[in-house]
Amino acid sequence: MLRFLASRILTMILTALCLTFIVFFLTNLGPNLEKVAKSELGARITDAEVESWLTRNGYMQPVVLRYGEWLGVVPGFTHEADDGAVTGRCIDAETPAEVAPTFCGVLQGDWGYSTVFRRDVSEIVARGLGLTGKLMFWVMLVMVPGALLIGVLAGMREGSRTDRTLSTLSIVTTATPEYVSGVVFITVFASSAVGLKWLNGSATSAMDDITFANFTLPVLTIALYGMGYIARMTRASMTEVMTAQYIRTARLKGVSFPNIVMKHALRNALIAPFTVIMLQFPWLLNGVVIVETLFNYKGFGWTLVEAAGNNDIELLLGVSVVSVLVVLITQLISDIGYVYLNPRIRIS
Amino acid sequence: MTQHFRNAEKVHPAATLYATEEKAGKLDRREFLTRATALGVTAPAAYGLLGLSSPAKAEAHATSGGTLRMQMETKALKDPRLFDWSEMGNFARGWLEYLVEYNGDGSLRGMLLESWEANEDATEFTLNVRPGVTWNNGDAFTAEDVARNITGWCDSSVEGNSMAARMSSLIDADTGMAREGAITVVDDLTVKLTLNAPDITVIVGMADYPASIVHSSYAGGDPSVNPIGTGPYLPTQNDVGVKQILVKNTDHTWWGTEVYGGPYLDSIEYIDYGTDPSAFLAAAESGEIDATYQTTGDFVDIFDAIGFNKTEAITSATLAIRFNQLQEPFDNVEVRRAMQLAVDNSVILELGYNGLGTTAENHHVCPIHPEYAELAPLVVDPDGAAAAIAEAGHADTEFELISIDDAWQAASCDAVAAQIRDAGINIKRTVLPGSTFWNDWTKYPFSATEWNMRPLGVQVLALAYKSGVAWNETAFANAEFDALLARAMSIENAEARSEVMAEIETIMQNEGVLIQPYWRSLYRHTAAGVMGADMHPTFEHHHYKWWIEA
Amino acid sequence: MDPLSWTGAAGAILNPLLAATTLAFVVSIVSMTVLSFFTPAHTLQSNPDGSLVQQGGIYGLSEIASKYTLFALLAVLVAYIVAGVVMPYGNAGILGAISKQFTPVWIALVITFALSITFKRRLGIYGKLFDNIVGMVGFGLVMFWVFTAVFVGVFDMIATHDPLSQLSGLKNKVPGVPVPGAEDMAPGSHYLLGGDNLARDVFSRMIHGSWIVIQIAPLATMFAFMVGITLGLPAGYFGGRFDTALSFLANLILAFPVILLFYLLVTPEMVETGIPTYMAAVLFIFPLVFFAVLLNSRYHTQPSIRTPLLVVVLGAVGWIYLSLISQPGTVFNFMPGALDLFDIPGGILVVFVSVVFVNSPTIYRIVRGLAMDIKTRDYVAAAQTRGEGSWYIMLWEILPNARGPLIVDFCLRIGYATILLGTLGFFGLGLPPESPDWGSTINAGRGLLSIYPHPALVPAIALLSMVLGLNLLADGLREESLKD
């Protein structure tokens with residue numbers, strides 16, 4: 001088990017390194033750097049000014065070297081102006097050149113500075129994660145029980161009309177992308193002109209204070225898309241359990257149907273969906289980005305869009321590291337959980 | 001209210017002339033107010049010249065307290081001279097004030113300047129600094145502060161300093177700095193400006209959003225970090241892209257309370273909802289905001305319908321769908337002219353901006369300017385357009401029209417492209433996100449740019465179409481145009497000037513500089529009870545006038 | 001000219017019927033769902049005379065009720081369509097007029113179903129689909145859009161107006177609005193589903209959009225499959241370092257959030273650097289490799305057939321490949337205009353490449369898993385002892401036996417690609433803004449949704465029905481292939 005964990009964690013680190021390097025490379029291509037310079041100095045500067053600004057701020061060094069700086073394994077860039085003033089990566093208003101450390105990268109705990117939000121990356125990412133965490137908590141609270149219920153109901157009588165209806169329903173929800181369901185929900189529930197105006201079509205106020213009115217639609221939009229998939233997995237697992245030997249025995253013994261479902265089948269049928277739910281996390285990120293943009297909720301997904309749209313290099317790297325880690329860690333948990341719950345599989 | 005009145009004989013002679021013109025119907029009232037007050041006549045005096053009394057102030061019964069939440073893009077601040085968005089100025093306006101203030105009715109009034117006078121040919125301006133103004137750190141505000149800021153504006157070596165273009169008559173062309181002797185501090189409360197040519201736009205330029213007055217300790221960067229200013233508010237939160245909050249500065253006695261009244265609100269929150277108007281609508285319907293920054297296009301009616309109050313500012317704000325004359329194939333004037341021929345501006349107004357404005361005539365001079373000279377109506381001839389394109393050898397060329405992803409701008413460009421396509425010319429559309437669009441905005445061969453209102457008709461021509469100026473996105477370089485424009489800038493008589501303007505407008509049209517479909521009105525919607533926060537023609541937020549009905 | 005109502009004269013009879021059947025159907029479904037939890041399953045009891053009686057009890061009743069109400073509901077819906085086709089234009093309202101426009105599609109659908117059901121025993125897995133209601137419904141929905149796309153894209157039928165032309169005065173008008181100046185009741189005299197924000201015909205845009213969606217989504221999925229199969233088969237078959245390296249790479253791409261990847265790839269800056277063109281050059285070479293290996297492994301013992309075959313096929317595919325990647329204004333611009341078959345605008349190419357790129361690793365993993373499973377089978381061992389080459393075994397032994405799951409995944413993945421295209425449209429990335437494809441039109445109509453819902457709802461429903469069709473089709477195929 002320990003060896004398995006160690007090798008998985010090693011792969012994880014390697015993956016994270018590769019991915020951040022790819023992001024780093026893509027965001028540091030010529031046209032993207034020009035975009036950074038122009039957003040910093042204004043749109044109307046000349047090419048020569050762009051070049052001099054980029055040189056002055058260390059953007060013209062080789063990409064590998066700069067990636068090393070970001071990681072914290074290469075000394076931070078410094079630049080001495082003609083008047084002797086020293087500026088550099090590790091130098092800012094609070095830490096002047098004399099006391100500034102040589103290395104300031106991720107390894108030193110410095111995630112860099114967001115050029116869009118003018119804050120430390122760690123602060124922005126933490127803020128986004130906090131808000132998205134709240135959103136995900138509610139999504140899970142709605143999605144998981146709902147999906148399990150539908151899946152169990154459908155799976156306990158395979159092939160019945162209830163099964164058909166609920167399975168079709170699950171397919172419909174997986175076939176409805178968030179940008180369609182969100183748009184329809186807003187029209188129906190939030191619009192005062194043609195809709196019911198029961199709920200809010202904007203979740204900005206939910207950042208400070210979550211209410212039923214401002215949080216229902218975003219939560220529902222994400223939950224619905226994921227619900228169908230988990231429900232179908234639960235259904236598959238339930239049908240398998242219902243045909244198992246011990247259930248047949250119970251039925252022959254004359255145990256009533258509701259009793260069979262509640263007391264015998266349910267527990268075993270819920271093991272498999274666990275791994276599926278874990279694997280849902282990264283998949284939900286897509287939905288989070290769309291919903292946070294649609295409902296103007298400034299969480300992690302919204303931060304990603306802003307960082308990518310403005311080529312905010314260090315913020316984008318921070319966001320990628322976090323999202324890649326989420327993907328890999330949930331994969332790991334689901335693997336371990338699967339092994340743990342299923343004694344037939346052993347790790348070699 | 002202690003307004004500074006002048007003796008009748010001290011009123012600038014040109015202003016009296018303008019008053020005569022206004023009464024004769026040659027000058028419209030708002031233009032008269034702008035021009036007269038630019039010469040140093042106070043607004044009440046200007047109204048007096050017309051035989052009218054100044055409009056009554058609504059603030060008389062204003063109530064204090066409360067928080068106003070407005071939707072606005074919250075942009076990162078930088079050195080005020082480099083401001084390229086009104087939004088930046090509007091947040092900084094809480095603590096950084098201006099020398100003069102441009103008002104919705106077209107008049108200018110003194111803020112940190114109490115008054116100003118111009119000499120007869122408008123080459124010399126005397127600025128009288130308002131006495132008794134203090135910075136919020138306790139320092140006194142003096143003529144030195146004024147002179148230092150103006151000198152700063154004149155520094156054209158600063159990358160992206162757009163104030164330099166507005167102060168060009170104070171700048172030495174060789175050094176790119178303020179001319180020796182152009183700015184003189186006469187005494188503690190007086191500054192004298194000596195211009196190298198008659199230029200009535202200098203004072204108006206001081207009301208523009210990059211002209212914030214900063215403290216001597218300010219050394220560049222984000223001014224909200226150490227917010228020393230003369231204004232009544234202080235920034236307490238500055239989360240770019242999320243929220244910016246101004247809170248009334250209780251430790252500071254604001255000079256304006258005695259002079260103009262206010263400020264009434266305890267705090268002002270700017271909340272960022274991106275650029276999508278449907279998000280603003282959702283926010284308004286959810287009760288998250290009390291006012292929009294600007295309401296555009298189809299949303300004007302919609303906001304009316306949900307019970308928000310509409311305020312309107314009639315302006316010369318417009319959309320310039322311009323050609324870059326250095327880029328293939330628009331270096332050929334026939335191609336540019338043909339494109340103009342294919343487009344019916346009134347249809348663009350209907351489809352792109354819901355008919356909320358007036359059609360324009362492809363020369364960027366607005367009927368509300370006295371400079372405006374009426375030319376023959378534009379001809380729309382799609383068949384002729386296609387023939388001209390074919391003749392120029394571009395029958396099979398696919399043109400590309402670029403715009404930003406803003407709702408009404410994109411819609412207008414889509415409509416333009418559709419008309420060009422209907423004429424039988426090949427064209428495709430590209431919509432770029434805002435973050436990308438502005439990178440190359442002056443270089444696109446064929447794209448649309450939003451231009452805000454300038455109080456004077458000649459201003460935008462000097463800013464955007466004069467040869468070689470920083471914002472000249474059309475690459476239009478025409479010596480005859482430059483000469484005529486310089487002449488227009490020095491002629492005071494509206495009738496005489498409009499003759500020159502007729503020539504300028506004709507050149508603009510003949511050279512096929514841009515497709516300018518319409519002049520748009522600007523709208524803001526406010527929730528019931530929000531007072532004084534009317535739409536301003538140049539988007540300025542005069543926080544001290546805002547209040548909420550208790 | 002009067003505006004059209006939704007159902008016109010036909011509605012007088014059909015609307016009350018529709019209301020009644022819908023109500024009955026909903027009631028029966030709800031009662032069935034509730035009952036299913038409390039009642040035992042129905043049992044079969046044999047009578048002395050040998051017949052079987054189903055003892056369903058109250059649950060069984062509700063099941064039967066839901067079945068017949070569903071049939072009644074479908075019958076009413078078909079009646080709407082038939083009424084529209086049969087009655088003169090305008091008499092059956094908007095729905096009738098739309099149904100009339102779709103006449104060629106209905107005919108094609110009826111022929112397809114009639115032929116397929118008649119010969120279903122000879123058609124392999126495709127024929128089995130027609131034993132499965134869910135699969136048939138899915139197939140019907142998918143073919144509806146495929147036929148629509150082909151009729152509008154190739155023959156320019158169905159649509160009533162040009163998707164880009166704007167008619168003054170019809171901005172944001174409600175469905176059924178008459179076109180100014182139109183005189184007689186004929187196709188084209190109304191905007192059947194109203195006008196959008198730029199006074200274009202919503203109905204025609206939706207119809208034209210289907211052609212774009214039907215072209216891009218399946219084609220991109222096909223390319224992704226070529227890449228996935230060409231890499232996944234050897235990885236699964238040989239294993240070892242090659243497998244380890246490729247799997248690491250695949251997991252790398254899979255760990256990337258799709259949206260982030262799109263934001264990094266589908267930007268004007270990225271098009272400027274030429275990276276999408278390089279990626280296209282690499283990704284699009286896989287079909288070339290695929291066909292080369294496929295044919296070579298089969299016919300390498302018969303050079304007289306192989307050589308001409310390879311020359312012809314590779315020549316054709318190679319030419320297409322070269323025209324595909326050679327675009328004026330990019331890093332690859334080597335083909336003279338006369339030889340260059342077609343040019344794909346940079347914006348569409350990058351969308352295409354990105355969709356292929358994010359889908360390939362998943363397919364690679366599926367194919368690899370299947371190959372690992374199938375290579376242990378007897379017939380593979382038999383082929384190995386026969387002395388067949390590795391590529392022959394992979395492509396002509398393993399691949400045909402893996403087709404079931406792959407076909408199912410192919411259907412699902414087209415739906416996923418359609419959703420991805422819409423996501424790109426939602427963020428304003430990729431396709432040009434006035435393109436009538438469904439993602440972009442939903443995004444364009446989203447702004448005014450709360451006042452004028454029709455410009456966004458129409459493409460949304462279209463997208464929904466097609467993705468739903470693909471999902472149902474995949475579900476049906478899966479069920480039928482599991483029965484083997």
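**Contacts, burial and annotated segments**

Mentor: According to the UniProt annotation "transmembrane region" (unreviewed entry), residues 9-29, 135-156, 168-190, 210-231, 270-295 and 315-341 of chain A are covered; UniProt positions follow the numbering used here, feature names are shortened, and annotations may be inferred rather than shown by experiment. This is a predicted model, in which local features need pLDDT of at least 70, side-chain atom pairs count only at pLDDT 80 or more, and totals for chains, interfaces and linings use all residues. Residues are numbered from 1 along each chain as its sequence is written, while chains are lettered from A and ligands numbered from 1 in the order in which they are written.

Trainee: What is the helix content over residues 210-231 of chain A?

Mentor: That stretch is 91% helix and 0% strand, with its end C-alpha atoms 28 Å apart. Helices are DSSP runs (H or I, at least four residues), and strands are runs of E of at least two, numbered from the N terminus.

Trainee: Why is Gly241(B) called buried?

Mentor: Gly241(B) has 21 other C-beta atoms within 10 Å. A residue is buried if 20 or more other C-beta atoms, placed from the backbone, lie within 10 Å of its own (exposed if 12 or fewer, partly exposed in between). Gly241(B) is therefore buried.

Trainee: Which residues is Gly241(B) in contact with, leaving aside its neighbours within four places in sequence?

Mentor: They are Val116(A), Phe117(A), Glu306(A), Thr74(B) and Asp272(B); contact requires C-beta atoms, placed from the backbone, to lie within 7 Å. Gly241(B) itself lies in the loop between β8 (233-239) and β9 (243-248) of chain B.

Trainee: How many residues of chain C are in contact with chain A?

Mentor: 44 residues of chain C are in contact with 46 of chain A. On the chain C side, α19(C) gives the most, with nine residues.

Technical notes: Contact = placed C-beta atoms within 7 Å.
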